[in-house]
Amino acid sequence: MMNSRDKKDRVKCEIANIFMKISCENSNNDELNEIAKQTIQEETKGEFNNYLELTTIWFQSIIGLKTSPSTGRSDNRKMAHVSLNKLLNKVNEFHDFISANELYLEFLPQIKQRYVNIITNCPEAERILDQFKNVANRNLEKVNLLESDFRLLLNHLGIFPEDRTMSDRERHKNLKIMDSLIKMIILLHKPIGSVYSRFQ
């Protein structure tokens, strides 16, 4: 049975084939080929954004579980463990998508740079990103190593516990820093082993 990802890949191929066929029958091949490429790039960017937002929500929920006052409770620990495994599956699937579509992800370096620029305005967030690169070896499986750092960052940004004296503008800025940090960690994640070894 064909899953939604297979269907999307098939549609991409069909679109590309249609444009390639037209281009062979038309003298303006370069222009049509560029249109075909842009069409696939736009569709790929939409899928990329969906993947990134979904995995960011998963990550945020895990941080919420790990930093809540009831973290020590057995049920909470189990839930955080299950959620982390699901997050890893989602992120690894996302990176499989990135690998399969790298030709159409020309925008990726600019997106990463934008997140980095936001993070560098907050030394505490920048330190967590550096810790992820070094201590956690860029793998979300070791995100527990950063749990206390995230707790301190949330407190510093007035996100958890919520700082009710903070202005809406400052709160929005701090939420953007946290969002950028999570997205950069997801994008920097390096799956352990290849896509094939994970299914063996």
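This passage describes the aromatic ring pairs of the structure and the charged side chains placed over its rings. The model is predicted, with local features requiring pLDDT of at least 70 and side-chain atom pairs counted only at pLDDT 80 or more, while totals for chains, interfaces and linings use all residues. Residues are numbered from 1 along each chain as its sequence is written, and side-chain values use heavy atoms, with hydrogens and water left out.

Five aromatic pairs are present; rings of Phe, Tyr and Trp (its six-membered ring) pair if their centres lie within 6.5 Å, and planes under 30 degrees apart count as stacked, over 60 as edge-to-face and the rest as tilted. Ring pairs join Phe48, Tyr51, Phe94, Phe97 and Phe107 into a cluster.

Tyr51 and Phe94 form a stacked pair, because their ring centres are 5.5 Å apart and their planes lie at 20°. Tyr51 belongs to helix α2 (residues 29-67) and Phe94 to helix α3 (residues 74-100), so this pair ties together parts 43 residues apart in sequence. Helices here are DSSP runs (H or I, at least four residues), numbered from the N terminus. Tyr51 also pairs with Phe97; the centres are 5.0 Å apart and the planes at 40°, so the pair is tilted. Phe97 lies in helix α3, and the pair therefore ties together parts 46 residues apart in sequence.

Tyr51 and Phe94 are both buried, that is, under 20% relative accessible area (1.4 Å probe, protein chains only). The relative accessible area is 13% for Tyr51 and 1% for Phe97, which is also buried.

Lys45 lies over the face of Phe107, 5.1 Å from the ring centre, and Arg114 over that of Tyr115, at 5.5 Å. The criterion is NZ of Lys or CZ of Arg within 6 Å of the ring centre and within 35 degrees of the ring normal.

Key
Helix = DSSP H or I, 4+ residues; strand = E, 2+ residues; numbered from the N terminus. Buried < 20%, exposed > 50% of the residue type's maximum accessible area, 1.4 Å probe, protein only.
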